[in-house]
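Biologist: I am new to this structure and should like to learn how to read it. May we begin with the model itself?

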Amino acid sequence: MSALLQINALVKTFGGVAATDKVDLAVTKGELHAIIGPNGAGKTTLISQLSGTLIPDSGTILLNGKNITKKPAYTRARLGIARSYQITSLVMEMTVRQNVALAVQSKEGHAFRFIRAADKIAHLQNAALEALRDVGLDVRADDLTTELSHGEHRLLEIAIALATGAELLLLDEPMAGLGPEESAKMVTFLKELKGTRTILLIEHDMDAVFALADRISVLVYGRIIATGTPTEIRADASVRHAYLGEG
Amino acid sequence: MKSMSRTSWITLAGMAALLILPPLFLWSGNEFYLQLATRLVILAIAAVSLNLVLGYGGLVSFGHAAYIGIGAYAVGIPAYHETYGGFDSIASYDGLFHVALAVGISALFALVTGAISLRTKGVYFIMITMAFGQMAYYLFFSINEYGGDDGLVIDVRSEVPGLNLDNPLQLYLLSYVALVAAMLIVRTIINSRFGMVIKGAKGNNDRLVGLGYNTYLYRLAAYVISGAMAGFAGALLGNFTTFISPEMMGWTRSGELMFMVILGGAATTFGPVLGAVIFILLEEILSSYTIFWQLPFGLILIGVVLFARGGLMGFLTTKWRKP
């Protein structure tokens, strides 16, 4: 088992507060690795440093052995990292299909292609539609993104991440704001997805995390206090104390 | 779909009117209106090019008049040297040379100023593009050789194979064809994969960067294309007015171009043209009634911006629809 993503001694501070405090983490190829932790533990800050929105103060991030610590976000995306956002981040004034088509065409290397109409390029549109079918949004393909419900926006986020063809998916609270029924749907979907991509999942929904994850890391005040299988994490005394609020 | 066809219909009708009416004015002895239409169509080209970055790209460039000025001086300066000597390497009446110079220098100016301006966002972008525009303004203002603030008279219009630009109808038709070409170019670009990135970055830049697009480069490319097209419009305007001065590149001129785009409807094919038509006509009509025409003019513009969201094109395509 080789590490697709290797994080060493990562540090990020905001005005003296260490949001990420010497984090070491290895995400193995093909696994679904969840990060849990109380509010303010620094989960989104960590993800942002992996996607390139934030640059760490020190430490290294290796993707497939390649140092990407200081690389800008668009380079990381090219190297195979896709991110879904905790707060929905879509191009609202475009159609659902166009949002996904933008993700599909990102695989082409560059988009300095000025002549052919993007809407008429069959392989782009078909791939976009396929990604939408995977999450059950194909019926809404030609609606404006702004017209979709919150739950549908969450699914679209996933469809876009998938359509980039990225090897590593960073999913930042995909269940955020979903009702029980929608959450269950998302869990089913992520279960199907599991194994086809490497996934780093941040999630508050404990049931979902324990049902999905191969391994779980627990982040508290910017530090990883434990990493292990769901069973190990459940049994870990320090986790129960610091996070699950017992003992 | 209904509003789509409405948009196309307005576009085709408007363009047909622009093709037919001005020559009719000429033949019915009202050459003044042909002149008015020529100025209008040339400014519409500049507005269409501004729309690429302002409307579709969401980049509020407040310095686009600079490109018009550069384009006009690219006609005036070579013609001046051909007439009065000096600078043999650029002295020429050749229209193709003028256009190459206008487009080339405008593109270069857009590349350099855009590379810096696009590092900023929002209000800062507006201010810095305006500052670069004013820089170009003061540059020509200070060159006495070319008339400084008095301006420069173009004695001989560009020589274009097969055309005579001294003929007002030919100049008009050339401008009209250029306008149609500009509209088609912007439309093609904006529907392409490149255009998707430009529009996507307007809606959500972080998302596009997260997908792997270095949006800075795409925006810079759009900025250069837009500047080059506006420079071409400037070359036409120089040939039309045969008098150029730094005044045509001042920030108020840039503001007028922005108004045309927003008034007619940003991010639409015909909006900037409609905006230019209404802008020029209003200016003409109101100024014939009162020397204080700018007051009612300003009020009308404010009214349109406040009450017709999406500009006149937005107004025309939504208000007509039956519920």
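Modeller: Let us start at one pair of residues. Val220(A) stands opposite Arg223(A), a residue of β10(A). Please bear in mind throughout that this is a predicted model.

Biologist: Which strand is joined to β10(A), and by how many bridges?

Modeller: The partner is strand β9 of chain A, residues 215–220. Five bridges join β9(A) to β10(A), and the two run antiparallel.

Biologist: In what order do the strands of the sheet lie?

Modeller: The order in chain A is β6-β7-β8-β3-β9-β10, six strands in an open sheet with mixed pairing. At the edges are β6 (81–84) and β10 (223–228) of chain A, each of which pairs on one side only. On average, and with direction ignored, neighbouring strands of this sheet are turned by 15 degrees against each other.

Biologist: Which helix packs on this sheet?

Modeller: Helix α5 of chain A, residues 150–163, packs there and touches β6 and β7 (168–172) of chain A. The direction of α5(A) makes about 175 degrees with that of β6(A).

Biologist: I should now like to turn to the other sheet of four strands. How is the pairing in the sheet β2-β1-β4-β5 of chain A described?

Modeller: The pairing is antiparallel, and the four strands form an open sheet in that order. Its edge strands are β2 (17–28) and β5 (66–67) of chain A, each pairing on one side only. Within the sheet, strand β1 (residues 3–14) and strand β4 (residues 58–63) of chain A pair in the antiparallel sense over five bridges. As an example of residues facing one another, Ile7(A) stands opposite Ile61(A) in β4(A).

Biologist: Which helix lies across β1, β2 and β4 of chain A?

Modeller: That is helix α1 of chain A, residues 43–51, which runs at about 60 degrees to β2(A).

Biologist: How should one read a pair of packed helices?

Modeller: Two packed helices are described by two quantities, the angle between their axes and the distance between the axes. In chain B, helix α9 (residues 251–264) and helix α10 (residues 271–289) pack at an angle of about 115 degrees, with their axes 7 Å apart. Therefore α9(B) is roughly perpendicular to α10(B). The crossing of α9(B) past α10(B) is right-handed.

Biologist: Which residues of α9(B) and α10(B) meet?

Modeller: The residues from α9(B) include Phe259(B), Met260(B) and Leu263(B), and those from α10(B) include Val273(B), Leu274(B) and Phe279(B). By class, this contact of α9(B) with α10(B) has ten nonpolar, three polar and one charged residues.

Biologist: How do α10(B) and α11(B) cross?

Modeller: The axes of α10(B) and helix α11 (residues 294–307) of chain B come within 9 Å and cross at roughly 145 degrees. α10(B) passes α11(B) in a right-handed crossing. Here Leu282(B), Glu283(B) and Leu286(B) of α10(B) meet Pro296(B), Phe297(B) and Ile300(B) of α11(B). The residues of this contact divide into five nonpolar, no polar and one charged.

Biologist: Finally, how many residues does the contact take from chain A and from chain B?

Modeller: The contact takes 28 residues from chain A and 22 residues from chain B. On the side of chain A that touches chain B, α2 (73–79) and α3 (96–105) of chain A each supply at least two residues. The largest share of that side, five residues, comes from α3(A). By class, that side of chain A has 16 nonpolar, six polar and six charged residues.

Technical notes: Residues numbered from 1 in each chain as written. Chains lettered and ligands numbered in written order. Predicted model: local features only at pLDDT ≥ 70, side-chain atom pairs only at ≥ 80, totals over all residues. Contact = placed C-beta atoms within 7 Å. Nonpolar A, V, L, I, M, F, W, Y, C, P; charged D, E, K, R; others polar. Pairing = 2+ DSSP bridges. Axes fitted to C-alpha atoms, helices over the stretch in contact; angles between N-to-C directions. Parallel < 35°, antiparallel > 145°, perpendicular 65-115°, else oblique. Left-handed = near helix turned anticlockwise from the far one by under 90°.
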